[in-house]
Amino acid sequence: MKNLEIKKISELLSEFPFLSAFFNDNGLEIEGKEELTLPEYFAALDEDEIEDRAIDVDNLMFQIGEFIEQMIAFLGKDEDIVKTVTILQGTDKSGNKEDFEKLEIHQGEIISIVGPTGSGKSRLLGDIEWVAQNDTPTSRKILINNDIPDKKWRFSSSDKLVAQLSQNMNFVMDLSVFEFVELHAESRLVENKEIIIKRIIDKANDLAGEKFSPDTPITSLSGGQSRALMIADTAILSKSPIILIDEIENAGIDRKRALKLLISEDKIVLMATHDPILALMGNKRIVIKNGGIHKIIETTDQEREILNELEKLDKTLSAYRTKLRSGEIIEKIS
Amino acid sequence: MNLVTVSGPPSSGKTSVILKTIDSLKKRGFKVAVAKFDCLYTDDDILYEKAGIPVKKGLSGALCPDHYFVSNVEEITKWGVDNKFDILISESAGLCNRCSPYIKGIKAVCVIDNLSGINTPKKIGPMLKSADIVVITKGDIVSQAEREVFASRVNTVNPAAAIMHINGLTGQGSFELSTLLYDESLNIETLKGKELRFPMPAALCSYCLGETRIGESYQMGNVRKMKMED
């Protein structure tokens with residue numbers, strides 16, 4: 001296929017520029033050897049080198065072909081948009097049928113998930129991520145765009161259905177904010193990298209209570225700033241159509257705007273939370289009990305009014321917090 | 001019986017992933033056992049025993065752990081076949097980041113964690129590059145971006161592998177892994193005649209034989225020197 005064996009490395013590189021990442025990550029130095037074909041290149045490595053660096057030539061030739069195919073598939077598709085995700089009834093832990101038949105979730109919707117620890121929230125998410133087809137412990141079935149989904153959602157590293165944002169996530173790399181987002185952008189092979197990076201950092205600053213600059217080290221961001229950056233980055237750069245949020249701590253970040261940003265990027269947002277302000281922001285909420293979906297509640301008008309009240313309380317609370325932080329004497333805020 | 005080899009750097013979460021995955025396999029009625037290989041010390045056999053999983057433990061001590069593994073894997077397989085297990089999982093740490101005690105025709109799983117740094121996939125040899133399934137752990141504590149970058153780096157060095165994310169604490173993802181482990185067509189009765197996917201590093205110098213003194217005159221056999229000229 002693709003004449004991998006006949007073409008010169010330079011020809012391969014100009015046809016498939018992404019191969020340079022492959023050569024680099026596999027520790028294959030090609031500088032000065034661009035005029036060789038791959039078999040010539042491997043043949044020119046001396047035996048000690050092959051043994052020392054544990055190079056498996058046959059396997060590498062196979063992997064290069066595989067990599068090229070994946071990347072072509074990855075770059076070639078834009079039409080692959082997830083508009084709806086449908087969950088079809090399965091069973092709870094006792095084997096009883098779930099109390100719903102079909103739940104269709106649309107792009108731009110926020111669905112809250114409630115239920116005690118161990119009730120089966122993770123399994124529900126697991127079913128969606130694995131696009132269950134009657135083959136998980138719950139026997140649920142997941143449809144994408146009302147159709148039986150492609151198997152690729154299960155194994156492809158570039159096409160994950162679900163991206164996750166959770167409470168205890170941290171940045172562990174030693175990079176500046178700019179370098180970090182750049183690295184992510186490069187791994188996603190985006191064009192107009194600079195513009196996207198700027199947009200992410202601006203959006204994150206928009207969500208964060210306190211501003212940060214592109215050259216701030218990510219490990220020194222505050223909790224709120226970290227969450228803001230993670231959300232902005234996931235909203236804009238992650239290819240996953242579904243975002244799972246496991247609570248967002250209410251400090252240093254504008255949560256309402258964060259959710260708005262996610263749905264404005266056409267994501268489906270699933271949110272496991274017991275914070276009424278977050279849960280009521282959802283269009284619906286799924287109640288989980290004994291491993292099964294027990295109820296699906298649409299947020300009522302009355303609940304929305306209550307949400308307004310709660311948001312006011314929340315504002316008051318954070319106003320007190322701001323005063324405290326800036327060293328003021330606390331007086332009653334009206 | 002199916003033999004599955006699981007390898008990965010120390011503390012990457014191999015034992016947790018295996019324990020959670022066996023839970024799912026048992027629910028489907030499979031009889032599963034584990035052979036745990038380690039270097040100097042391991043407590044993991046107790047963890048397996050507690051979970052009611054038959055386990056054999058091998059400590060390589062002063063020998064190269066992976067050479068020790070190959071020298072014993074046939075006996076372990078016999079133990080599994082004799083006991084009529086459906087699946088025998090071998091667990092070993094890839095201590096020098098190069099080795100791959102993977103065997104042709106035997107499913108190979110590599111466990112590696114998100115915290116090990118994004119350049120790690122580059123540094124690990126056949127253990128990662130020739131695995132059939134790569135399990136990435138500890139995704140719950142790093143950001144989505146780091147997870148994506150890490151997975152894409154793994155994919156670049158092993159595009160043919162199925163890459164899975166598993167949370168070793170909650171077990172999320174382990175059910176999915178369990179569906180990939182048993183394959184009737186991979187049943188074996190013995191390992192005799194099978195081959196390693198990749199040769200192991202050579203090691204035959206005076207230090208292999210117990211030499212402790214330092215200096216050129218004590219070095220014999222397969223010795224190689226760093227290039228010191230600049």
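**Exercise 1.** In this predicted model, work out how helix H8 (residues 177-187) of chain A packs on helix H10 (residues 223-237) of chain A: at what angle, and with axes how far apart?

*Solution.* Start with the numbers: H8(A) and H10(A) meet at an angle of about 25°, and their axes lie 11 Å apart. Angles under 35 degrees count as roughly parallel, so that's the label for H8(A) and H10(A). Next, the hand: this crossing is right-handed. Now see who does the touching. H8(A) brings Val177(A), Phe180(A), Val181(A), His184(A) and Ala185(A), while H10(A) answers with Leu229(A), Asp233(A) and Leu237(A). Sort those residues by character and you get six nonpolar, one polar and one charged.

**Exercise 2.** Check helix H1 (residues 14-27) of chain B against its expected span, then say which of its residues are buried.

*Solution.* Take the 14 residues of H1(B) at 1.5 Å a residue, and the helix should span 20 Å. The end C-alpha atoms of H1(B) are 20 Å apart, so the two agree. On to burial: the list for H1(B) runs Lys14(B), Thr15(B), Val17(B), Ile18(B), Thr21(B), Ile22(B), Ser24(B) and Leu25(B). After the helix comes Gly29(B), with a positive phi near 90°.

**Exercise 3.** Is Asp44(B) buried or exposed, and what does it contact beyond its sequence neighbours?

*Solution.* First place it: Asp44(B) is in helix H2 (residues 44-50) of chain B. Its relative accessible area is 17%; buried means under 20%, so Asp44(B) is buried. Setting aside neighbours within four places in sequence, Asp44(B) contacts Thr15(B), Lys36(B) and Glu91(B). Thr15(B) should ring a bell: it's one of the buried residues of H1(B).

Methods. Residues are numbered from 1 along each chain as its sequence is written. Chains are lettered from A and ligands numbered from 1 in the order in which they are written. This is a predicted model: local features need pLDDT of at least 70, side-chain atom pairs count only at pLDDT 80 or more; totals for chains, interfaces and linings use all residues. Side-chain values use heavy atoms; hydrogens and water are left out. Axes are lines fitted to C-alpha atoms, for helices over the stretch in contact, and angles run from 0 to 180 degrees between N-to-C directions. Helices (H or I, at least four residues) and strands (E, at least two) are DSSP runs, numbered from the N terminus. Angles under 35 degrees count as roughly parallel, over 145 as roughly antiparallel, 65 to 115 as roughly perpendicular and the rest as oblique. A crossing is left-handed if the near helix is turned anticlockwise from the far one by less than a right angle, and right-handed if clockwise. Contact means heavy atoms within 4.5 Å. Ala, Val, Leu, Ile, Met, Phe, Trp, Tyr, Cys and Pro count as nonpolar, Asp, Glu, Lys and Arg as charged, and the others, Gly among them, as polar. Buried means under 20% relative accessible area, exposed over 50%, partly exposed in between (1.4 Å probe, protein chains only). The expected span of a helix is 1.5 Å times one less than its number of residues.
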